[in-house]
Amino acid sequence: MTKTFHKSALSIAVAFSATAIFSSAQAMEPLNVVSWGGAYTMSQEEAYSKPWTEKTGQRIINIDRSATGLAGLRAQVEAGNVTWDLVDMLPADAKIACAEGLIEVLNHDELLSPAPDGTPASEDFIPGALDECFVATIVYSNIVGFNTEMFPEDNQPSTIADVFDLENFPGMRSLQRRPINNLEWALIADGVAHDDVYDLLATEEGVERALAKLDTIKDHVIWWSEGAQPPQLLADKEVAFASAYNGRIFDAQVNENQPFGIIWDAQVFELDGWVVPKGKLDVAKDFLRFSTDTERNAAQASYISYGPARMSAAEIVGNHIPTGIDMTPHMPTYEPNFATALPKDDDFWADYQDELNERFDAWLAR
Amino acid sequence: MSDSMHGSHANPSNAGDNGVKAPLVAADGRPLKVSLRRALFKNKLRAILLVAPLMLFLLVAFILPIFSMLTRSVESNEVRTILPTTALAIQAWEGDGLPDEQVFAALAYDLQEGQRNRNLGRVASRLNYEFSGMRSTITGTARRISNIDSPDSWKETLMEAHRNWGNPDVWTVIKRESRGYTLSYYLAALDMRFDTDGSIVRQPESRRVYVDLMIKTLWMSILITFLCFLLGYPVAFLLASLPMRTSSLLMMLVLLPFWTSLLVRTTTWIAILQSQGILNNMLVALGIIDDQARLRMIYNEIGTIVAMTHILLPFMILPLYSVMKSISPSYMRAARSMGATGFTAFRRVYFPQTVPGIGAGAILVFILAIGYYITPALVGGESGRFITNFIAYHMQVSLNWGLAAAIASILLGLVITLYLIYNKLVGSDSLKLG
C-alpha cells in the first residue's frame, strides 16, 4: 500500500513543477509536527496539513506535546535523537530554546514566502512576530469567559474588575494555575494602568498588591491546568467565570452551542508559532514555507478564532468554514475587542517566572 | 534429629579408615566435596544466567536512572562549563565589593564565546533560579557586547550593559555555583536558601512551598491507606468466605474497575462528585440539602481521597483475599467450640492470621499513593495536590530538573525510611502476597 502511495505521490509531484519533484524526495518520510492538540491542531490540520499532503504526498504526523514542548526538545537534543521536525511553541519558550541552541536560527526573508503583493516576509508579519528562531503564525488571547446563563440578562459581566466582584457577580471562578495573566489581571482590576503593570510587578509591593487582590476571590477559585478544563467547567456550571484561550471558548460557542460570553476587557494577547528543532531545517523548511504563506495563514482563521500573524492574511480572513458565521467579531484583534488589550511581556516573565511561580505556589498553599 | 543422623552417617567412614582422614570420593574418583561444590556452582550459574536478563533490565531501566537522578540533584556544572574563564578568575575574589577588571574581562570573553556557540541559555536559566533577573542579564549582555572588541574597561562596559553586574550578590552567586556541585537544589526542596553571606537560612514565609506539602502528602497517603484497609477488609473477607460461584462474581466487581483506565475512573468521579453532579443532584432531589448549598466534594482534598481510595482499593483487597483464602475455617470453629464468642474468635484467632495480608496491602497502597500525580492533578484542586505534582511540574514545565531530582530524592529517602521503620515494627518476613 505504501508503495502505491508513494507512486501516486510521485506522479502528483511530477505533474507539478521541478521544485515539487524535489519535495517528493522527502515525501518518503512523514513529517513529525508537534502542536497543542484539540481544536487548535484541527485548525492546522485543515489549513496546512491536508493541502500539503494533497500537494506533495508527504504525510503529517500530529504530536500533541506542545504543552511540554521545551522539555521534550531539551530531552531529545540532550539524548542526541531528535525526532520532531517542526514544533509549535510560545515565543517565551522559543527564546529559551534559542538561547540554549535547541532550535535553528531562521533567515526569515529567505525561508518565508513574501506577501502576494511582493512585500518581503520581514515586513509582512506584525511587529514582534519574527524572532531569531521563531515564526509566529497566530495571535491568540488569554481572556475570561463566562456562562451567560449564570447571570441575569440585565447584569452580564463585561470588565476584568467584574471577575473580582463577588458581590455583583457571585459564583465560582476558574483561573489557570500559574501567576502569568492572573497577576496582571489582579493589578488591572485594582486600578493599575496597563502601561504600569509590568513595572509594578517587578517590585515587591506590586506582587503583594496583586496577591492581595487575588486573596479577595481565592476561596471562590478552582485552578485549572489543562486548556480543555475551562470550557468543561463552564458548561457544567461548576464555575461562572473561567480564564481560557479565546479559541477554546469560541469553539464551545459555535460548535457546541454553549451559552458562553467573553470578557475582552484586559485580554492578554500573545503570539504562537513555529520553531525548527536543531538539525531539522532541511526536512522542515518546505512545509514551514508553505504553512506560513498568506493563503494558509488566512485559511487557519477560518477554523479557529485566532488572528493571523501576517498582515496580508488578516485582510482576507473569511467566514468560519464549519458553520459559515463571520469570524471578524470573534478575533482578538477585532477593533472593539482589542481596545484594552495588554501584550504579554515575555522578557519580564523570562526573568521573574521562577521566583513568581514559587511565590504563587506558596500563596496558594497559604 | 538431623544432627544425629549426620553423625551416624559420618562415623562409619571414619572407622573404616582406622582414624586416618580420607576424603569421600564420588563415583568418578573426585573428592565428594569438590564434586558437590561443582554441581552446586553449576546450579548457581544456571540460576544466575536465568535471572541475568532481569538484572540487566533492572540495572538499565531502574538503578541507573535513579543514580542519574541522584547526581542531577547536586550537579551544577553550568557555570564551570559555559563560563569557564570566569569560573577560574573569580576564585581569587574574596567577596568584598566588586571583583576586579580581570574577572569582568573573563566574563565578557565567556559571554562572547557563548553567544557564538549559542549555549548561554543553560547557564542563564541556572543562575535565574538563584537570582531573579539573571536570565535577561546574561542573554541581554551577551547580545549587547557581541561586537565590542577591547574597551578601556570591561567593568564599566558590562555594568552599562546591565546594572545587575554592579551588584556584588550576583557575583557571590556565580562564585558559589562555579564549584561544579551545589546544595541549592536540596535547600530549595527544603524551603531554605543561601543567604548573601553564604549561610543557610529559611526561605521567607511567602516562598515556602515544599515542606508542608511533603508532610501533607505523607499524611494523606496514610489516610488513603487506612481507608483502603477499612473498606477492603470486609470485602476481602466476603470474597474469601462466600461459596465459589458468588465469590467469583464478586471478584469480577473488584477486578473490572482494576482493569479500567485510570483516567476513566478519575473522570467518572468528577461526574459523580461535582456540584452539578449525580450525588449532589440526588441529595437536592431528596431534599437533604438545599439547591443553593450544594456540597463541594471535588477539586479539594475530599476529591483526591475519594478517587484515590477507589483506585487503590484492589491493591488492598487482592493480597488480603489471597491470605484469607489460605486460613482454614477449622481454626475459627475450634475457637468457637472452646467457648470464644464470635468477636473474640475473630479478634484473637482470625485477625492475627490476616496481618501479613494487611501489611502487604498497606505497603502496596501507601507506596503507590505517595507516587500518584495524575489523579490529584485532575480532582485535587488546590488543597488536594501532592508533592509529586511539583516533581512533574519541575520536570515538564519549569524544566528545573535539579529541583525535581532533589524533591524526588527526598521523597525516595522518606519512603525507604518509613519502610525500614515498618520493617522493624512488623517485620518484612510477615509480608504475604498470597
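Helices here are DSSP runs of H or I with at least four residues, numbered from the N terminus. With that in hand, take α9(A): right after this helix comes Gly191(A), with a positive phi near 100°. Keep in mind that this is a predicted model.

**A helix tucked inside chain A**

Let's stay with α9(A) for a moment. Eight of the eight residues of this helix (residues 182-189) are buried, so α9(A) is largely enclosed by the rest of the structure. Among the buried residues are Trp185(A), Leu187(A) and Ile188(A), and Asn182(A) and Glu184(A) are on the list too. What do the buried residues of α9(A) pack against? On the helix side, their partners are α8 (160-163), α10 (197-201) and α11 (204-215) of chain A, and on the strand side β6 (173-176), β9 (260-275) and β11 (342-343).

**How far to trust chain A**

The average pLDDT of chain A is 89, and 92% of the residues score at least 70. Among the elements of the chain, α9(A) has the highest mean pLDDT, at 97, while helix α2 (residues 18-26) has the lowest, at 45. Two stretches of chain A fall below 50, and they look like this beyond near neighbours in sequence:

| Stretch of chain A | pLDDT | Contacts in the model |
|---|---|---|
| Residues 1-5 | below 50 | zero contacts |
| Residues 9-27 | below 50 | 24 contacts |

Where pLDDT is low, the predicted coordinates should not be read in detail.

**Two domains in chain A**

Chain A splits into domain 1 (2-133 + 276-314) and domain 2 (142-270 + 336-365). Their C-alpha centres sit 31 Å apart. Each side puts residues into the contact: 11 from domain 1 and 11 from domain 2. On the domain 1 side, α3 (38-56) and α5 (91-99) of chain A are the elements that give two or more residues, and α5(A) has the largest share with four residues. Sorted by class, that side of domain 1 has eight nonpolar, two polar and one charged residues.

**Chain B, stretched out**

Chain B has 20 helices and four strands. Its radius of gyration is 33 Å, whereas a compact globule of 434 residues would come out near 22 Å. The C-alpha trace of chain B spans about 100 × 95 × 35 Å along its principal axes. Of the 434 residues, 33% count as buried. As for contacts in chain B with a separation of 6 or more, 67% come from residues 24 or more positions apart.

**Where the chains meet**

How many residues of chain B are in contact with chain A? There are 32 of them, and they meet 27 residues of chain A. On the chain B side, α6 (120-130), α7 (134-145), α11 (210-241) and α19 (387-396) each supply at least two residues. Of the elements on that side, α6(B) gives the most, with seven residues. The class split for this side of chain B is 10 nonpolar, 15 polar and seven charged.

**The nonpolar core**

The largest nonpolar core holds 188 residues, and those touching the most other members are Ala97(A) and Val275(A), along with Leu312(B), Val365(B) and Ile407(B). Helix α15 (residues 301-325) of chain B gives the most to this core, with 12 residues. Zooming in on Leu312(B), and leaving out residues up to four places away in sequence, this leucine touches Ile224(B), Cys228(B), Val365(B), Leu368(B) and Ala369(B).

Notes: Residues numbered from 1 in each chain as written. Chains lettered and ligands numbered in written order. Predicted model: local features only at pLDDT ≥ 70, side-chain atom pairs only at ≥ 80, totals over all residues. Core = buried A, V, L, I, M, F, W, Y, C linked by C-beta atoms within 7 Å. Buried ≥ 20, exposed ≤ 12 C-beta atoms within 10 Å, placed from the backbone. Contact = placed C-beta atoms within 7 Å. Nonpolar A, V, L, I, M, F, W, Y, C, P; charged D, E, K, R; others polar. Domains from an automatic or database assignment. Rg over C-alpha atoms; globule rule 2.2 N^0.38 Å. pLDDT = per-residue confidence, 0-100.
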